[in-house]
Amino acid sequence: AVVSTQSTGIFFTVVLCIGITVAVTEQWKPVVTGQDEMFDLENTPLEIKTTAEPGSAGAGSVVLALKTADDEGAGYLSISYSSASVLIKIEYCDFEIPLSNVPKGDGEDNERVWRVTLDRTYGVHKTELDFHCNDEDMASLEFDRDCLADDGNDDDAIKAPWDKHPVVKIHFSEDDQISKEFRPYTPVADCQEGSYKSGDMTECHACPSGKESNEHKTDCVECHEGSYKADGMNTCQTCAAGKAPNKDKTECEEEYSGATTFSGSVAAAAAFITALLL
């Protein structure tokens, strides 16, 4: 915050540094193919939104390359929608994972959110690659078992270029036809509906009236249009027919019909005067 004061014609500006921790759910960013994006995949899972339907005409693939800071290739993977059975391909490992249990897409656009997690908690030679779709566990690849180098020099070495690290860039290939948006994955806070936990908070806090917890329960958001949340409610509810939420969206009120007692009285008076003149 900046506070300005005036004394004897001289202005003083005092800058107050206030530490505020705010948890922000990362916003979706449009996918631009053929372009590098800075992304710390080894510490933050990646979410990719698709809108195609597996097996439909023109459905293609998610095609993603991983890179180091020096632009070295560090891995390459694809998620193919070419048939009704989705196929995950891990390039250089000659590894394919057919999936017949992919969750249905959401809404008219058949939205699916894939989560790609590159886990190197126990070192590069213990690399794991995990895939989720709409929060459901789909597949997992353990490199020390499924993708070892075959040169015989090191029993623990995994195949190049997956041994390159750290991965700090991602690159959606120009061959990618179905990736629409991406963002870092934000874990859902362990809170019940109507409460949230953010930053350094150790306990969940209830959202105030007129607001409910966001998608990841890391903040509170205003009730959507036409809904309200009163004290004691955990989620926003739609107002009954003929009613609309008040300004703070804490209760529903009778909708303004456009007609008032005053306007009715004026109409009646006008009719009476007209009758006298006839």
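## Exercises on burial, core and disulfides

Of the chain's 278 residues, 35% count as buried, buried meaning under 20% relative accessible area, exposed over 50% and partly exposed in between (1.4 Å probe, protein chains only). The model is predicted: local features need pLDDT of at least 70, side-chain atom pairs count only at pLDDT 80 or more, and totals for chains, interfaces and linings use all residues. Residues are numbered from 1 along each chain as its sequence is written, and side-chain values use heavy atoms, with hydrogens and water left out.

**Exercise 1. Describe the chain as a whole.**

Step 1. Start with secondary structure: the chain has two helices and 22 strands. Helices (H or I, at least four residues) and strands (E, at least two) are DSSP runs, numbered from the N terminus.

Step 2. Turn to the surface. The accessible surface of the chain is about 16,600 Å², and 49% of that belongs to carbon and sulfur atoms; areas come from the Shrake-Rupley method with a 1.4 Å probe, and for residues only the protein chains shown count as cover.

Step 3. Look at contacts (heavy atoms within 4.5 Å). Among those between residues at least 6 apart in sequence, 52% join residues at least 24 apart.

**Exercise 2. Is Thr117 buried or exposed, and which residues does Thr117 contact?**

Step 1. Locate the residue: Thr117 belongs to strand E10, residues 112-119.

Step 2. Apply the cut-off. Thr117 counts as buried because its relative accessibility is 18%.

Step 3. List the partners. Neighbours within four places in sequence aside, Thr117 is in contact with Pro45, Glu128, Leu129 and Asp130.

**Exercise 3. Place Leu129 in the largest nonpolar core.**

Step 1. Define the set: a nonpolar core consists of buried Ala, Val, Leu, Ile, Met, Phe, Trp, Tyr and Cys residues joined through side-chain atoms within 4.5 Å. In soluble globular proteins, nonpolar side chains tend to be buried together.

Step 2. The largest such core here has 39 residues, and those with the most contacts inside it are Ile90, Trp114, Leu129 and Phe131.

Step 3. Follow Leu129 outward. Not counting residues up to four places away in sequence, Leu129 touches Leu77, Ile90, Val116, Thr117, Leu118, Ala139, Ser140, Leu141, Phe143 and Trp162.

**Exercise 4. Which parts of the chain does the disulfide of Cys93 and Cys147 tie together?**

Step 1. A disulfide is a pair of cysteine sulfur atoms within 2.5 Å. The sulfur atoms of Cys93 and Cys147 are 1.9 Å apart, and the link is left-handed, with -85 degrees about the S-S bond.

Step 2. Cys93 sits in the loop between strand E8 (86-90) and strand E9 (95-99), and Cys147 in the loop between helix H1 (143-146) and strand E13 (169-172), so the bond ties together parts 54 residues apart in sequence.

Step 3. Check burial: Cys93 is buried at a relative accessible area of 5%, and Cys147 is buried at 1%.

**Exercise 5. Work out the disulfide pattern and examine the pair Cys191 and Cys204.**

Step 1. The structure holds five disulfides. With bonded cysteines counted along the chain, their pattern is 1-2, 3-4, 5-6, 7-8, 9-10.

Step 2. Cys191 is joined to Cys204, S to S 2.0 Å. Cys191 lies in the loop between strand E14 (179-184) and strand E15 (195-196), and Cys204 in the loop between E15 and strand E16 (205-206), 13 residues apart.

Step 3. Cys191 is buried, with a relative accessible area of 8%, whereas Cys204 is partly exposed, with 31%.
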